[in-house]
Amino acid sequence: MAEGDPEGAGPPGAGAGASGTAPDGGERLQKVLAAAGYGSRRVCEELIADGRVAVNGTVAVLGRRVDPEHDRIEVDGHPAPTRPGLVHYLVNKPRGVISTAKDTHGRPTVVDLVPPEPRVFPVGRLDADTEGLLLLTNDGELAQLLTHPRHGVEKEYLVHVAGGAVRPGALRRLRDGVELDDGVTAPAEVSQPEPGVLRITIHEGRNRQVRRMCDAVGHPVQRLVRLRIGAVTDRRLKPGAWRPLTSDEVRALYEWGG
Ligand code: URA
């Protein structure tokens with residue numbers, strides 16, 4: 001069969017193996033991986049040859065064909081974003097736009113900022129008053145990975161607070177964990193680039209978490225902007241604008257959560 005023959009003219013389904021669900025033909029695994037951002041087909045062949053790629057839980061060999069719609073593909077143990085039809089948008093949410101898919105009061109929502117088809121939903125939420133980066137997607141698996149309550153993806157915020165410079169004791173509390181009514185917050189990264197302006201990185205996604213943390217140390221939030229989600233950031237994306245994530249960005253998000 002076509003094992004070891006990456007571009008070879010193996011018969012349809014060559015390399016599908018006992019656990020494979022690829023229909024006759026299928027697509028070459030290296031082509032599917034390359035389309036998902038793992039590098040050139042050549043690089044993807046090396047990933048396969050090195051035993052780093054699994055299909056439906058079994059290490060794949062060169063020549064493997066897959067059905068990207070149904071086969072579960074993993075690289076280094078992380079799910080690979082290879083299913084067709086998935087879209088992933090990065091939106092810079094302006095203040096006043098709400099981040100549910102539909103608002104009962106007819107207010108503008110983040111979903112109105114992106115193409116109507118295919119239908120997408122926001123990954124997590126930003127408060128109406130919060131600005132900045134939000135992901136919208138139809139990729140339920142990625143959304144679940146990123147919003148895991150305890151090990152969710154890192155999110156970095158720029159926070160303007162009331163009350164002037166935040167004292168070292170309050171900064172330490174923000175970093176170590178603040179008692180909120182739904183429990184103590186996990187350790188956070190917190191810096192104060194200028195008096196009254198904080199950069200806070202958290203990986204939990206509790207409701208109004210940053211606002212409640214700052215309230216708890218006596219510095220209510222005046223302005224809150226999300227600057228980063230995992231490795232995804234974009235200083236040039238204007239408020240109200242969107243762009244598709246690159247395949248590298250999608251892959252990095254999967255690796256973060258997977
Ligand atoms: N934390 C908040 O308090 N609000 C947000 O919108 C996001 C994080």
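# Notebook: a ligand shell, two cores and some unusual backbone

I started at the ligand, where helix α5 (residues 209-216) gives the largest share of the surrounding shell, 3 residues. I note for myself that helices (H or I, at least four residues) and strands (E, at least two) are DSSP runs, numbered from the N terminus. A residue counts as near the ligand if its C-beta atom, placed from the backbone, lies within 6 Å of it.

Before going on, I wrote down that this is a predicted model, in which local features need pLDDT of at least 70 and side-chain atom pairs count only at pLDDT 80 or more, while totals for chains, interfaces and linings use all residues. Residue numbers run from 1 along each chain as its sequence is written.

**Entry: the ligand shell.** I listed the residues around the ligand: L126, D127, T130, R208, Q209, V210, R211 and L224. They divide into 3 nonpolar, 2 polar and 3 charged. Here Ala, Val, Leu, Ile, Met, Phe, Trp, Tyr, Cys and Pro count as nonpolar, Asp, Glu, Lys and Arg as charged, and the others, Gly among them, as polar. Domain 2 (88-149 + 232-245) and domain 3 (155-229) each contribute at least three residues to the shell; the domain bounds come from an automatic or database domain assignment.

**Entry: the cores.** Next I looked for nonpolar cores, meaning sets of buried Ala, Val, Leu, Ile, Met, Phe, Trp, Tyr and Cys residues joined through C-beta atoms within 7 Å. Buried means 20 or more other C-beta atoms within 10 Å of a residue's own, exposed means 12 or fewer, and partly exposed is in between, with C-beta atoms placed from the backbone. The largest core has 39 residues, of which L29, L33, V53, L134, L136 and L253 touch the most other members. Where does this core lie? Domain 1 (1-80) and domain 2 (88-149 + 232-245) both give residues to it, so the core lies between them. Another core lies apart from it, with 16 residues, including A170, L174, V210 and V221. I met V210 earlier, in the ligand shell.

I also followed L134, which touches V91, K93, S99, V110, P122 and L126, leaving out residues up to four places away in sequence. Contact here means C-beta atoms, placed from the backbone, within 7 Å.

**Entry: strand β15.** Which strands pair with β15 (residues 221-229)? I found β9, parallel over 2 bridges, β10 (residues 155-161), antiparallel over 7 bridges, and β16 (residues 232-233), antiparallel over 2 bridges. Pairing requires at least two bridges found by DSSP between two strands. V225 is the bridge partner of E131 and also of L158. In the hairpin of β15 and β16, with 2 residues between the strands, G230 has a positive phi near 55°.

**Entry: the open sheet.** I traced a sheet of 4 strands in the order β3-β2-β5-β6, paired antiparallel. Its edge strands, β3 (58-59) and β6 (78-79), each pair on one side only. Between β2 and β3, V55 stands opposite T58.

**Entry: backbone surprises.** Most residues other than glycine have a negative phi, and most peptide bonds are trans. N56, in the loop between β2 and β3, has a positive phi of about 50°. N56 is partly exposed, with 17 C-beta neighbours inside 10 Å. D76, in the loop between β5 and β6, has a positive phi near 50°. Is D76 buried or exposed? D76 is exposed, because 12 other C-beta atoms lie within 10 Å. Last, I noted that the peptide bond from E117 to P118 is cis, with omega near -10°; P118 sits in the loop between β7 and β8 (121-122).

Note on methods: Two residues are in contact if their C-beta atoms, placed from the backbone, lie within 7 Å.
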